[in-house]
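Let's take a stroll through this structure together. Keep the 3D view open and turn it as you read.

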Amino acid sequence: MKITRRDFIKNSLILGGSMLLGRSSLFAAGREKEQWHPAYGRLEQEGELAQRVGQAYSIFEECRLCPRECGVNRLGGELGFCRSTAKVVVASANAHYGEEVSLVGDRGSGTIFFSNCNLQCVFCQNWPIAHKGLGDQVQDTRVADMMLHLQEIGCHNINLVTPTHVMPNILNATRIAYRKGLRVPLVYNTSGYERVEILKILDGIVDIYLPDMKYMDAEKAAKYSSGASDYPEVTGDAIVEMHRQVGVHKLDDRGIAMRGLMIRHLVMPNRVAGTRKFVRWVAENLPKSTYVNIMHQYHVAYRAFDYPEICRSITEKEYLEAMEWAEECGLTNLDPRSLLLREFYTRRGGAEMPGAP
Ligand code: SF4
């Protein structure tokens, strides 16, 4: 997947232009021409969505929504590892332009940030929200209003950030919003630390899964994500289930994502994230056309200062080797901005980044 100088300039103009000009056709492959309906709409019409909401809410009584399986009664106010009751806390709801290009389009991704988290990583980039729980407690009806507002201002999707521990509230809000006119795709923007059994409740509701795959090594997962040594195995199974439900990344004729799986992998310093193993795992367990975003933007945050091996940004060399491994494995649908960044670093000669030792 070598990029010629001409391709590099053309792609740069297209990506830059997508923010300024809007409605550009970014991708030739994978477009869907047929009339599109949100997955949750079909389920509501079949009378199934209300039943799923009830099923999800009943899990709050003995919470096993995520692999922590705390077993606490959140409806009764008990708190588990994620420190959340059955009431949802929202930190913000805005059009967001920092996500993948196919989610952002020209009107933004309608992002709702849920407070608290079931994974609790020491390097969390959103720690005031995920660890400290900053935000306002709201009713599910208010979340439905936020979804409708985001659709009204033109957002291409509803991007649910850290949804795992509040999945029942999200389903309830989606049903309320659908009955009031919500028609854009739901993006399930998760750490990946999910139970397959719980994901099956979302089958036919979520259009786009956007999971992280943070590490491939149990010891590292335990060390940096609060004892979650089962993260690599559990998340692998979860991602396979997500793919079973929604398939590969699909775009409409504007280049906007409408359905499918989009995996994020953040490259960490000193190969902590196990990138080589990750890309091999994708190649062996999913179609090679699976959308993969190899992300470069790791920065030292929260308690990462206490861990010398992750207390710096990554180097350009570390990013280039990650991209090379992805291509060696034959992955054919790497995030377009990651390809441009690789090209840029290659032309600069793979230097050290500021802050690297
Ligand atoms: S969602 Fe929260 S309370 Fe429920 S199992 Fe996970 S960490 Fe525990």
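Of the 14 residues around the ligand, which come nearest? They are Cys-63, Cys-66, Cys-70, Gly-80 and Cys-82. Bear in mind that you're looking at a predicted model. If you sort the shell around the ligand by class, you get seven nonpolar, four polar and three charged residues.

Now let's move to a pair of helices. Find H3, which covers residues 49-59, and H7, which covers residues 167-179. Their axes come within 8 Å and cross at roughly 155°. Angles over 145 degrees count as roughly antiparallel, so that's what H3 is to H7. The crossing of these two helices, H3 and H7, is left-handed. Who meets whom here? From H3, Leu-49, Ala-50, Arg-52, Val-53, Ala-56, Tyr-57 and Ile-59 take part, and H7 brings Met-167, Pro-168, Leu-171, Asn-172 and Arg-175. By class, the contact of H3 with H7 has nine nonpolar residues, one polar and two charged.

Next, jump along the chain to H12 (residues 316-328) and H13 (residues 336-348). Here the axes are 10 Å apart, and the helices pack at an angle of about 125°. That angle makes H12 oblique to H13. H12 and H13 also have a left-handed crossing. On the H12 side, the contact is made by Glu-316, Tyr-319, Leu-320 and Met-323, while H13 supplies Ser-338, Arg-342, Tyr-345, Thr-346 and Arg-348. What's the mix of classes where H12 touches H13? Four residues are nonpolar, two are polar and three are charged.

Conventions:
Residues numbered from 1 in each chain as written. Predicted model: local features only at pLDDT ≥ 70, side-chain atom pairs only at ≥ 80, totals over all residues. Near = placed C-beta within 6 Å. Nonpolar A, V, L, I, M, F, W, Y, C, P; charged D, E, K, R; others polar. Axes fitted to C-alpha atoms, helices over the stretch in contact; angles between N-to-C directions. Helix = DSSP H or I, 4+ residues; strand = E, 2+ residues; numbered from the N terminus. Parallel < 35°, antiparallel > 145°, perpendicular 65-115°, else oblique. Left-handed = near helix turned anticlockwise from the far one by under 90°. Contact = placed C-beta atoms within 7 Å.
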